[in-house]
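Got your viewer open? Let's take a short walk through this one, selecting a few things at each stop.

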Amino acid sequence: MKVMNSISELQLLRTNPAHAGTGPLGGDVARNGGAKKTSMFEAKLLEAVSAMNEQQLDVGRVEQQLITDPDSVDVHDVVTSMAKAQMSLSLAQTVIDRLVTGWNEISTTR
């Protein structure tokens, strides 16, 4: 590791010329304040996780409303929100499993 301007700003460098790439390790980290550029895939993945999380939170809100004020909530709305949340969670688990499987296949072919 090479220390840059301050102790908090560390930069990893490739020391072996046979290794792929020539730039510093760490990808798209900018030098101004440590802001990171996000890729399109990362942005879509974070958006999907946020949507899944919001559906999980909606289920909790509807369940709480059903307990506190049962007349204001239709039971079908509760079941529908629970089914949506379960489907999004199942889809997220499938995507994660496929990403891990793909990463393992890529790493074993090297």
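Before the first click, a word on labels: helices here are DSSP runs of at least four residues, numbered from the N terminus. With that in hand, you can place serine 81, which is found in helix H2. Keep in mind that you're looking at a predicted model.

**Stop 1: two helices side by side**

Select residues 40-68, which form helix H1, and then residues 75-108, which form helix H2. Their axes lie 9 Å apart, and the helices pack at an angle of about 150°. Angles over 145 degrees count as roughly antiparallel, so H1 is roughly antiparallel to H2. The crossing of H1 and H2 is left-handed.

**Stop 2: the contact**

Now show the side chains where the two helices meet. From H1, pick Phe41, Met52, Gln55, Gln56, Val59, Val62, Glu63 and Leu66. From H2, add Val78, Ser81, Met82, Lys84, Ala85, Ser88, Leu89, Ala92 and Leu99. Try colouring this set by type: the residues of the contact of H1 with H2 divide into 11 nonpolar, 4 polar and 2 charged.

**Stop 3: serine 81**

Zoom in on serine 81 in helix H2. Is serine 81 buried or exposed? Its relative accessible area is 15%, and since buried means under 20%, serine 81 counts as buried. Which residues does serine 81 touch, leaving out those up to four places away in sequence? Select Val59 and Val62, and you have them. Both of these valines are on the H1 side of the contact you just coloured.

**Stop 4: the charged side chains**

Side chains of opposite charge can pair when their charged atoms come close. How many salt bridges does a search of the whole structure find? The search turns up 2.

Select arginine 61 and aspartate 58 to see one of them, with N to O at 3.0 Å. Both residues lie in helix H1, 3 residues apart, about one turn of the helix. Next, add glutamate 54: glutamate 54 forms a salt bridge with arginine 61, and the closest N and O atoms are 3.0 Å apart. Keep the three selected together, and you've got Glu54, Asp58 and Arg61 joined into one network by salt bridges that share partners.

Switch on the surface for a last look. Arginine 61 is partly exposed, at 42% relative accessible area. Glutamate 54 is partly exposed too, at 36%, and aspartate 58 is also partly exposed, at 29%.

Conventions. Residues are numbered from 1 along each chain as its sequence is written. This is a predicted model: local features need pLDDT of at least 70, side-chain atom pairs count only at pLDDT 80 or more; totals for chains, interfaces and linings use all residues. Side-chain values use heavy atoms; hydrogens and water are left out. Axes are lines fitted to C-alpha atoms, for helices over the stretch in contact, and angles run from 0 to 180 degrees between N-to-C directions. Angles under 35 degrees count as roughly parallel, over 145 as roughly antiparallel, 65 to 115 as roughly perpendicular and the rest as oblique. A crossing is left-handed if the near helix is turned anticlockwise from the far one by less than a right angle, and right-handed if clockwise. Contact means heavy atoms within 4.5 Å. Ala, Val, Leu, Ile, Met, Phe, Trp, Tyr, Cys and Pro count as nonpolar, Asp, Glu, Lys and Arg as charged, and the others, Gly among them, as polar. Buried means under 20% relative accessible area, exposed over 50%, partly exposed in between (1.4 Å probe, protein chains only). A salt bridge is a side-chain nitrogen of Lys or Arg within 4 Å of a carboxyl oxygen of Asp or Glu.
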